[in-house]
Amino acid sequence: MPAPYVKLYVGDVIRTRKAHPCGGDVWVIERLGADVGIRCRTCGRFVLMDRIKLERRIRAFLQRGNEPPPAEPEPPKEEPPTKPGSRKSASPAPEPRPRRRIVKRARV
Ligand SMILES: [Zn+2]
């Protein structure tokens, strides 16, 4: 079963399953990429490690780094007020209907 994707951020402080030869097992992530650069907090040594390998070695996150803030939804753009006079009205004023006098003859 593939391990779930781990999000890593620069500044993360992690504890690894396998300790550094110096005895320290706490690292700070300093570089992200195909290889992740981590620095041993105990001896200060910088190590580049394959990201997948590192993800497997992470035992715990002690501190999260610069996690990008969640994308905020853009505020709705205000529509400019519609100007009624700006457009020439397509329909001219209705012409008066010619009046026809209809004389109704009362039928008897
Ligand atoms: Zn070390």
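**Entry 1: the β3–β4 pairing**

I began with arginine 39, which stands opposite phenylalanine 46 in β4. The model is a predicted one, and I read each entry below with that in mind. I then looked up the pairing around this position: β3 and β4 run antiparallel and are joined by five bridges. The two strands form a hairpin with five residues between them, and in this hairpin glycine 44 takes a positive phi near 80 degrees.

I next asked which residues of β3 lie on its covered face and which on its uncovered face. Strand β3 spans residues 35–40; Val36, Ile38 and Cys40 are on the covered face, whereas Asp35, Gly37 and Arg39 are on the uncovered one. I noted the general rule beside this: side chains in a regular strand alternate between the two faces of the sheet. Arg39, with which I started, thus belongs to the uncovered set.

**Entry 2: the β2–β3 pairing**

I moved to the other partner of β3. Strand β2, residues 26–31, runs antiparallel to β3, and four bridges join the two. I looked up the partner of arginine 31 and found glycine 37 in β3. β2 and β3 also form a hairpin, here with three residues between the strands.

**Entry 3: the sheet as a whole**

I asked in what order the strands of the sheet are arranged. The order is β4-β3-β2-β1-β5, in an open sheet of five strands with antiparallel pairing. The edge strands are β4, residues 46–50, and β5, residues 58–63, each of which pairs on one side only. From one strand to the next, the twist averages 40 degrees.

I compared this with the order along the chain. The chain has one helix and five strands, and its elements run β-β-β-β-α-β from the N terminus on.

**Entry 4: the edge strand β5**

I looked up how β5 is held in the sheet. It pairs with strand β1, residues 13–16, in the antiparallel sense over four bridges. Two of the bridge partners were of interest: isoleucine 14 is matched with phenylalanine 61 in β5, and valine 13 with glutamine 63 in β5.

I then asked how many of the six residues of β5 are buried. The number is zero, so β5 lies largely in the open.

I checked two residues of this strand individually. Isoleucine 58 is located in β5. This residue has 18 other C-beta atoms within 10 Å and is therefore partly exposed, given that a buried residue needs 20 or more. Not counting residues up to four places away in sequence, isoleucine 58 touches Val6, Ile14 and Thr16. I also recorded its C-alpha to C-alpha distance to lysine 18, which is 8.6 Å across 40 residues of sequence.

Phenylalanine 61 is likewise placed in β5. I found 16 other C-beta atoms within 10 Å of this residue, so it is partly exposed. Its contacts, leaving aside neighbours within four places in sequence, are Asp12 and Ile14. From phenylalanine 61 to threonine 16 I noted 9.0 Å, C-alpha to C-alpha, with their positions 45 residues apart in sequence.

**Entry 5: the nonpolar core**

I asked which residues make up the largest nonpolar core. There are seven: Ile14, Trp27, Ile29, Val36, Ile38, Cys40 and Leu54. β2 and β3 each supply at least two residues of this core. The largest share comes from β3, with three residues. I returned to Entry 1 at this point: Val36, Ile38 and Cys40, which form the covered face of β3, are all listed in this core. Ile14, which I had met as the bridge partner of phenylalanine 61, is listed there as well.

I followed leucine 54 further. Apart from neighbours within four places in sequence, leucine 54 is in contact with Val36, Ile38 and Met49.

**Entry 6: figures for the whole chain**

I closed with two totals. The chain has 108 residues, of which 7% count as buried. Among contacts in the chain with a separation of 6 or more, 36% are accounted for by residues 24 or more positions apart.

Methods. Residues are numbered from 1 along each chain as its sequence is written. This is a predicted model: local features need pLDDT of at least 70, side-chain atom pairs count only at pLDDT 80 or more; totals for chains, interfaces and linings use all residues. Two strands pair if DSSP finds at least two bridges between them. Axes are lines fitted to C-alpha atoms, for helices over the stretch in contact, and angles run from 0 to 180 degrees between N-to-C directions. A residue is buried if 20 or more other C-beta atoms lie within 10 Å of its own, exposed if 12 or fewer, and partly exposed in between; C-beta atoms are placed from the backbone. A nonpolar core is a set of buried Ala, Val, Leu, Ile, Met, Phe, Trp, Tyr and Cys residues joined through C-beta atoms within 7 Å. Two residues are in contact if their C-beta atoms, placed from the backbone, lie within 7 Å.
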